[in-house]
Amino acid sequence: IYGWSVNAGASEAMAEAIASGVLTFATVLSGAVFSLVVTGVAFRFIAAKSTSPATKGKLLLFIRTVKWFILSWFLGAFLPAALRPYESLSAAIDRVLEMTTVMMCAASLSSAITCLRTVAQNRLGGEVFASKTFSQMLKVLIWFAACIVAASSLMGKSPTFVLSGLGALTAVLMLIFRDSLLGLVAGVQVSQNDMVGVGDWI
């Protein structure tokens with residue numbers, strides 16, 4: 001593309017811009033098609049195994065988040081190379097796409113936990129033992145780790161550097177959310193020991 005543009009009479013700067021623009025468009029289009037094909041095939045295969053409308057709805061949400069994860073991963077792998085002549089722009093886009101990939105990965109994992117919980121409820125015919133509490137705790141841990149990794153990617157630092165800076169902030173947050181954390185622990189204990197049931201007087 002660069003050689004064709006130069007032979008057509010364009011300057012070197014214009015030829016680089018045209019080549020980068022065409023490669024960027026081709027990369028975005030390829031990533032969109034790739035993510036749609038992969039998630040479409042996966043959804044048809046999984047939906048054929050499921051009969052519950054609730055399960056299909058959760059699966060559809062999961063497939064959508066996976067679609068955006070695949071697209072952000074694909075663009076992060078190939079788009080910076082298309083913008084290589086513009087180093088500062090390529091580095092900025094690389095960091096943003098890396099952060100987006102991490103967040104989409106966390107969203108996909110969170111949606112997968114919801115799907116697994118729904119499938120377990122449908123197969124066992126009711127609420128699984130303390131499944132809601134543990135699934136929420138897993139989601140909180142996933143999103144916390146994703147935020148740490150995303151912040152480190154955006155700043156160009158290691159996650160250890162971000163965690164070291166969060167030491168004092170964590171102590172303050174634990175003091176602020178002390179009652180909420182105690183309530184969460186109490187809820188886990190009540191669910192785990194089956195201390196309260198339907199029809200009990202409190």
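# Structural report on an all-helical predicted model

Cys105 is partly exposed, with a relative accessible area of 29%. Cys115, in contrast, is buried, at a relative accessible area of 8%. The model in which these residues are described is a predicted one. The number of disulfides in the model comes to 0, given that a disulfide requires a pair of cysteine sulfur atoms within 2.5 Å.

## Overall architecture

The protein contains 8 helices and 0 strands. Read from the N terminus, the order of its elements is α-α-α-α-α-α-α-α. The protein has 202 residues, and buried residues account for 25% of them. Its accessible surface amounts to about 13400 Å², and carbon and sulfur atoms contribute 70% of that area. Where contacts between residues at least 6 apart in sequence are considered, 66% of them link residues at least 24 apart.

## Accessibility of selected residues

The table collects the relative accessible areas of residues discussed in this report.

| Residue | Relative accessible area | Class |
|---|---|---|
| Cys105 | 29% | partly exposed |
| Cys115 | 8% | buried |
| Thr27 | 11% | buried |
| Ile70 | 12% | buried |
| Leu154 | 42% | partly exposed |
| Leu184 | 40% | partly exposed |

The classes follow from the cut-offs: a residue is buried under 20% relative accessible area and exposed over 50%, so a value in between is classed as partly exposed.

## Contacts between helices H2 and H3

Thr27 is located in helix H2, which spans residues 12–49. Its relative accessibility is 11%, and Thr27 therefore counts as buried. Leaving out residues up to four places away in sequence, Thr27 is in contact with Phe74, Leu75, Phe78, Leu79 and Ala82.

Ile70 belongs to helix H3, residues 53–82. With 12% relative accessibility, Ile70 is likewise counted as buried. When residues up to four places away in sequence are set aside, the contacts of Ile70 are Phe34, Ser35, Val38 and Thr39. One of these partners, Ser35, lies 35 residues from Ile70 along the chain, yet their C-alpha atoms are separated by 5.6 Å.

## Nonpolar cores

The largest nonpolar core consists of 6 residues, namely Val102, Ala106, Ile113, Ile142, Ala146 and Ala150. At least two residues of this core come from helix H4 (87–124), and at least two from H5. Within the core, Ile142 makes contact with Ala106 and Ile113, and Ile142 also touches Leu109, not counting residues up to four places away in sequence. A further core, apart from that one, has 5 residues, including Leu71, Leu79, Leu83 and Leu97. Leu79 also appears among the contacts of Thr27.

## Leu154 in helix H5

Leu154 is placed in helix H5, which covers residues 131–155. This residue is partly exposed, since its relative accessible area is 42%. Its contacts, neighbours within four places in sequence excluded, are Arg95 and Met99. Between Leu154 and Thr100 the sequence separation is 54 residues, while the distance from C-alpha to C-alpha is 9.8 Å.

## Nonpolar surface patch

A nonpolar patch on the surface is formed by Phe134, Met137, Val172, Met174, Ile176, Phe177, Leu181 and Leu184. Together these residues present about 720 Å² of accessible area. At least two residues of the patch are supplied by each of H5, helix H7 (167–176) and helix H8 (178–193). H7 provides the largest share, with 3 residues. Leu184, a member of the patch, is situated in helix H8. Its relative accessible area is 40%, so Leu184 is classed as partly exposed.

Helix H5 thus contributes at least two residues to the largest nonpolar core and at least two to the nonpolar surface patch.

Note on methods:
Residues numbered from 1 in each chain as written. Predicted model: local features only at pLDDT ≥ 70, side-chain atom pairs only at ≥ 80, totals over all residues. Heavy atoms only, no water. Buried < 20%, exposed > 50% of the residue type's maximum accessible area, 1.4 Å probe, protein only. Helix = DSSP H or I, 4+ residues; strand = E, 2+ residues; numbered from the N terminus. Contact = heavy atoms within 4.5 Å. Areas by Shrake-Rupley, 256 points an atom, 1.4 Å probe, with all protein chains shown as cover. Patch = residues over 30% accessible without salt bridge, like charges linked within 9 Å, V, L, I, M, F, W, Y side chains within 5 Å. Salt bridge = Lys/Arg side-chain N within 4 Å of Asp/Glu carboxyl O. Core = buried A, V, L, I, M, F, W, Y, C linked by side-chain atoms within 4.5 Å.
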